[in-house]
Every structure is written in C-alpha cells, then in structure tokens.
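Hi everyone, thanks for making time today. Let's have a look at the structure together, and then I'll walk you through its cysteines and its domains.

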Amino acid sequence: MDSQAVKRTDGWKSRIASELVEMLGAGAVISADDELIAYESDGLTGYRVKPLFVVLPSSTAEVSQVVELCNREKIPFVPRGAGTGLSGGALPSREGIVISLSRMNRILDVDVPNRVVVVEPGVVNISVTDAVSAEGFYYAPDPSSQIVCTIGGNVAENSGGVHCLKYGVTTNHVLGVEMVLPDGAVVTLGGPAPESLGYDLLSLVVGSEGLLGIVTKVFLRIIKKPQMVKTLFASFERIEDAGASVSAIISSGVIPAGMEIMDNLSINAVETTVGAGYPRDAGAILLVELDGPGAEVSAQVPAVSGILRENGAIEIKLAADESERELFWKGRKSAFAAMGKISPGYYVQDGVIPRSTLARVLGEIGELGRRYGLRVANVFHAGDGNLHPLVLYDPEVEGESEKAEELSGEILRVCVEVGGSITGEHGVGFDKKGFLPLMFSEQEIDTMNLVRCAFDEEGLCNPGKVFPTPRTCVEPGMKKPGSETHPAREMGELF
Amino acid sequence: MSHVTELSRMVSNFHVPGSGDADSGVPEFGFSSEVILYPETVEEISRILGFASQKGIRVFPFAGGTKLFLGNPVGAVGAALSLRRLGRVLFHEPSDMVSTVECGMEVREFQNAVGCENQLFPVDPPGLNSGATVGGLVSTNLCGPMSTRYGTCRELILGVRAVRADGEIINLGGKVVKNVAGYDIPKLMAGSLGTLCVLAEATFRLYPRQPFSRTLVLGFDSHVSCSQAAGAIFAADVVPTCFEILDGRLSSEFAAAPGAKRSVLLKFDSFEEAVIEQIKQVREITSGKSASFIEMGDEDSKELWDSVREFPFSSGASFSSKLTLPVTASVEILSDIESDPALSGVTVRCLSRPARGVALVSVDGDGEEAVRAARFLENLADSLGGRIMFSGIRRELRERIKAWGSFGEALFLMKNIKRRFDPGDILPGEKIFDAD
C-alpha cells in the first residue's frame, strides 16, 4: 500500500462533496474520518484503505448519477455490499468513492409461477428464501455468511455454499441483472427468462468482482424445496477414506446436495466450542446431505451408507429428525468461528482441487504445516473439491502472521499444481491478484482484460483488483499493454 | 506467393473448392471460401489465425457443419477452417467426472467414450446422430430436451483452449467444477457462433448415468387441461430429465398422441423405485385432466425423442425460431400462436420446454404471410419479455427476416466485446451482428 495519494485540492473535495450531497442528500454521504473507518476494509481486515467518501444511494438513478460524476472527474469507485467478502474485493481505492448498496435492500417482485424473485443488491441472501419459503421454494446458493451477506456481493463474487455441488453456484441462479455501467449508463442483461440469446454477458458480470459495473437489480431463480432431505454423518480413522467415499458416492450415480469433510483438528475445535457431538478421536468426519423426491432419497440412503461402510467408515448415523440434522450441521457451520477458540489468529484459505487428488493434497498441506511449524485445520466442500484450509497462528508472535500468509500461498500453489484453482468462492480480489499468474499466462490475463475494457474503458470501476499488474484499454484488441499510462495510475491509484 | 498458398502450407491437409479433389466431409456452406484448411493441432490453428490477422484474411471456423443454418449468412471468406481433424478425448478422470475433448469430436462419440465409465455428457443437441460436434455444440449452445434437468452447454462447460483472432493460444476456465478465478470466458464462448475465438478444446462437467429410465406421454383434449396439468407437474415433487409440450400438429406427426390437442412428454431417470414413484405421482396429479397416459421404455420411446430433439430444425419449414421466455409464457405461447389471426395463412408447429422457458416454432408459408408470421413472433417475444432467433430461413425470405430479434441494451456491449476480441473482424461477425 505504498502508492502516493492523488493530488486533489481541498476545494475540489468540497465541490465533489457538495455535488454528492445535492444528489443524494446529506444523510447519504459519509466524509468524516471516524465514520469512514467502518468502510476501510471488507471481511479481510488485513488490508485497509480510507476512501475519500462513502455514498449510500437508494435507487438505480442515484447510483447512475454518482458513477457519472466519478466518470467525469476520473474518480475511482468501489461498489460494496455487506462487506463480508474475504478477498479484499471491496477494499476502497485511495482518493476514491465507496458506493455502498446497503440502502437498496428491497425485494421488488416475487413471481412464484415463473420462479423468479427480483431484488435490489442490498437484500440479504437469506431474505430471498424467507420471502418464498411459505410457498415451498428457496434460493439455493447458501454461503456460510448468508444471514448477513447480500445478493449484490454474491453476484460480484459468484458465491457458492455447502449445497452447490448439486445446485450450482450463484451464476446458475441469476437470470438477469440491471446494472450501471462505469460511464453511468444503465443496462439490463437477461431478465425473467431462464435462457438468453447472443453473447452470454451475464456470466461475465456474475463473478466479475465489481469490475464491470454496479449491479442495481437482480433476477434470481428460485427452486422448489425438496420433498425429502436426509443427512448422513460418518466418521473415519483416516481423512483419505472420507475423501475416497466422496468420489465413490458420486461415481455410483448419486449427486448429494452437499458433502462436507472436517479433519481432526477442526472436529476438536468445534467440539470445544459448540459440542456438536462429533467424535474427538476421529481422523475425519463426512456429512452427506441427500435431497429430492422421497422415493429417490429413500433409495439413495442405503446405497450411500453401503459406500461409506465399504470405504472404512467407523460410525454412520442418519439424522433421525430435523433437530439432529441441525446438530450435524451446527458443527460444520461453526468451524471457522471455532478456530478463534483454539488459536488467537487464523487465516482462511480458499482453493480448489480435483477430487481425485484429495489424499495427495492433504498430505502436502500437512507437510507444509510441519515445515512452517504451524497447525492447519481442514474444512472443505468435498464434493466439489473446494478446500478451506485454516492456517492457525499467533499474531503476537513476531513473524508468525507472515509465515501463515506464506503458508497459505504455498497451499494455493499445490492446488494449481494438481490442476485446481486459486479460488472456488471467495474471489481473487485484492488478496490473490498476485496468484492469478499461477493459473493464467500473460496472454490469458490480457484476454480477461479485453472483457474489462469492453465494459470499462477508463478503468475506474474497482481498480486494483483481480489483475496482478496494471493493464490499459488503449489499444482495442491484441496489442500488448504497458506502453500507455493507465488514467487511474496517473492519479496515483493503487494497483 | 498467394495468401491461399501460404495458408495451405501451414496445415497437412487442405482443399481448394472446385479443384476436383473434394473432401466428402465438407458440408454445403452457403458461403464461399477460397480454401478449406484442416489443422491437426492447436498450434496450426494459431499459425493460420496469426497469418490471417496480419493479412486481413477472414476465416470461418466450423466442424460438423450440422448447424450452419444458425445466425446470419456469412459472406465470402478467405479460408474455412475445419476442426474435424481435432477429434480426441484428451483427458477423462472418472473420479472427478471431468473430461477434456477436442472440438472436432462428434458429441455422440464423446458420449460413448465417457459412457464406458458409466458417465454421461448430458446434452442432446439437434444433429446428435448426424455428426454434431463438440465445437458446434459450444459455439451454438443449442441443446435438446435433456436441458430441462442438466441445463445447456453453458452450465456444463468448465474450460476452453481457444485461439484468439490474432493467433494467441489461450486456456481459460479450468478443470474443476468450482472456480471463480477470472472472468468466466468459457461461458462467453458458448453461443458466440465462432465470432470471438476458434475453440480447439473444451472441458466439461460430467454426470453419472442413471440406472433406470421411463418416458410418459400424456394426451390432452384442450389447451386449458394441458396447461393445468403442466402446472401441476411443474409444482410436484418430481424431477424430470425431459419435459416437453407439443401442439396438436406435432402430437400427431411425432405419433406421440395422435388426435390430441396437446401432449406432454416426460422422461424420468433415476433408481427404478424412484422413477416408478414419480410416474405414480404424475398419474395422480393429472388424473381427470389427460385423455391418454402412455408409459414407455427407452427402446419404444427412442424414435419419439429423436423427432423432438431435431425439431424445429429438421422440419423443412420456411423458417424456424427459438423464443426464450419466462416460464409461464413459454407454455401459454402455444395458445397465443394458435389463436392469432396473424398466423392464419401459415402452418405453424410449436413445442414448449417449460423448465427452460423455451418455445420452438416452425412456420411454413409463402412470401408476405411468412414475413408477417415472423413479425408476429418477434413482437410476441418482445411483449412477453423474451428474445427470439430465426434460423433455417428460406433463401427468398432472408432479405426480410433476419436471424436475430432484438438483443436489447446488450447489443452495444456485445459489439464492444467483439471489437475487443477481434478488431479486424477476422472471424465473421456478421453471423450475429447485422451490418450497421
């Protein structure tokens, strides 16, 4: 964070503040230092930047006006939802404006016959399900922060959750968006129809980490609640056997709604914290959730139980009722928070590996932990190979947080080596942009920049994220970047 | 040395149309090309496009040639680039249920390859049995009845290896089912009709094959009873792999439910007891609504599903259209079409795929009446909040019926994307974009 601040005069700042207040009202513009502190970071609190202003628009028109102003004055701007992201995607730009969508929190339409709910971006994820639950429907993507995270952030990060093995991630549940482009224009991509024609721009926007514009309305697909849900709990002596069970279950023709593995360290952290009833001496536990038509689930339960036994499960339990099912899940959902009870600090990593490499990767993570002298707990969405290693460290011990960060990076290298990804659901953001070249060549990252330039030629929308080095849009097409100065860089913007 | 000669030297195989050594695999293009190139490696494609972009030679990529009728006609190009020599499965890890395949491979062949491991590449595009390739599948994003359960190619594609118009080879996406690193460019490729990059390889998510399958055909005497039954099925605790509604004409022509006003086709795949239970449920909820109820095994229903899959592109009509609509509109459109006087002078066939919000319509008629029908459908799609594309348009109608309805506000962004990816328009953009 060593960039120099943009040279803006106090007079200029006052003028911009006045314009913003005129547009939005005084209560929707934050400029006082003590109030700006809350917006200095997102869920990844290790990075902090104080923005120039934070604005709280209440409508698409207001967002558009603010963005037009930013465009005119060449002010970088960063969209922000609930600020729960873990990759620094909502980290402010120095001398930039944070556009918080928290006041755009209305559910605009519930259309059950067409299976569509239309929401503003500040609507909390769980509120969508709450709005349609009585009708027997729900919104499938369920990130662990779903009681606080917002749909706008979910769209930006293409959020997943524990049930995305069967039902997919956010991109599979967004039918359309209204968005304010980086020049202030408002466009609608997609809509209430499940399919679209032409270039799939919507799939570019979902997961674009706020670099292509600001989403102001989202058409969400809702799905019918399954007739039956059954949750199996299995414990294993070795985590490799839990991993082998996952592949065997899917190969048998069963796609569970979710499959989650926790290792011994995680189990004990959870038991210490919430007492979910997991066996402390198990090498790993596996949760398998099956859902669908009653007859199908009823047929799957014995089949899955047999596979678990064949793969060395010590104990297999089927949740007898909803309260026991909730208890099974309580431990898993508390896992991250539980780490705080056994370690003063922890670093959450998010990498993806092919399922078939699970044993190898876990072995390498263990070896890395030993080499760095740090404990690593493993909690992961096993069905889709999405690992969340938790690197435990003591921030009071000099150099340990740096070691934890380095170890986390090494884990990502292992993920890529085996054919995986540096992120499955948290995004690249600010935190991982330096790792993008592990997966992609310069030409490939240039190709991604072509997309960004098609939406944001000025590069003002959430600059300094995702791309490891500055890239311009000066030459349409294939010319190598680097010879021109990015406008935001001229202003001293961070990259 | 002519450009054609230089291009020809970059590949092991090529064909100059009219030279008398015609390759039997070359389809009827509907556009002219000075040379047809058959690269065998992605590096050869890279050299071809690198040269073509330097010289401003337009290149049209194709593979099976089964869907060349989609999109606007392409004008003259310097070279056609056939992917047919790129036809291998490069990677298949059964325990990951992921496979990478070269884009010239036939979809059916790919399905057979992964089927050996009891796995399923769950697409059934038109042309499946007549040479449809993986590249064409991705390029058109045209899928069949199984998209009800599995979605289209856009939902299945995880990664691509492609060559940009300037010849750069790029690998985007990945080989894991969950990945949010960078923009989802593989999905952008799906449906881009080869206007952005030449696809060389694609990586897909696979599914397990299901052990038991049954087809149901329900006949109805009226649109109202059919619509009510479809709504009840949609709301029931059943998960069909395929769910189609046919109008009266198709019900008879496909021998689904001859004489019925409408028919509903359902296919279930799962454990045997689960399929039987779902059939029982459908029988109960449609009791009193359907006039006939037939249950069929795979062999008995094969011909029916073949017909459904190929519709409307095999109908030999004046034109075909695909409408993407909200779910309920995709059902009610059957009634809208039937009752509107604007379509009284033409023969219309219509199939609805409600779970996808898709209606497929073929129109047979002459001159003004066909054009009027096209306008009607375009306006209908607009008024219902949907989009429309026309295909297989008879030559004499092509001046008056364009391939695409409105793209709405997305159009200028689509043009921006095209301009960024291919500033020289080496890969013919007119497939999608009308001349300004």
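Let me start with a question: how far is the sulfur of C164(A) from the closest cysteine sulfur, and which cysteine holds that one? The closest is in C149(A), and the distance is 13 Å. A disulfide needs two cysteine sulfur atoms within 2.5 Å, so the sulfur of C164(A) is too far away for a bond. Please keep in mind that this is a predicted model.

As for its surroundings, C164(A) counts as buried, at 6% relative accessibility. Another cysteine outside any disulfide is C415(A). Its nearest cysteine sulfur belongs to C164(A), 16 Å away. C415(A) is buried too, with a relative accessible area of 1%.

So how many disulfides does a search of the whole structure find? Over all chains, there is one. The partners are C453(A) and C473(A), with 2.0 Å from S to S. Distant parts of the chain are linked here, with the two cysteines 20 residues apart. C453(A) sits in helix α16, residues 442-455 of chain A, while C473(A) lies in the loop between α16 and α17. The link between C453(A) and C473(A) is left-handed, with -80° about the S-S bond.

Are these two buried or exposed? C453(A) counts as buried at 5% relative accessibility, and C473(A) counts as buried at 7%.

Finally, let's step back to the domains. In chain A, domain 1 is assigned to 10-100 and domain 2 to 227-339. Taken over C-alpha atoms, the centres of these two domains of chain A are 43 Å apart.

Technical notes: Residues are numbered from 1 along each chain as its sequence is written. Chains are lettered from A and ligands numbered from 1 in the order in which they are written. This is a predicted model: local features need pLDDT of at least 70, side-chain atom pairs count only at pLDDT 80 or more; totals for chains, interfaces and linings use all residues. Side-chain values use heavy atoms; hydrogens and water are left out. Domain bounds come from an automatic or database domain assignment. Helices (H or I, at least four residues) and strands (E, at least two) are DSSP runs, numbered from the N terminus. Buried means under 20% relative accessible area, exposed over 50%, partly exposed in between (1.4 Å probe, protein chains only).
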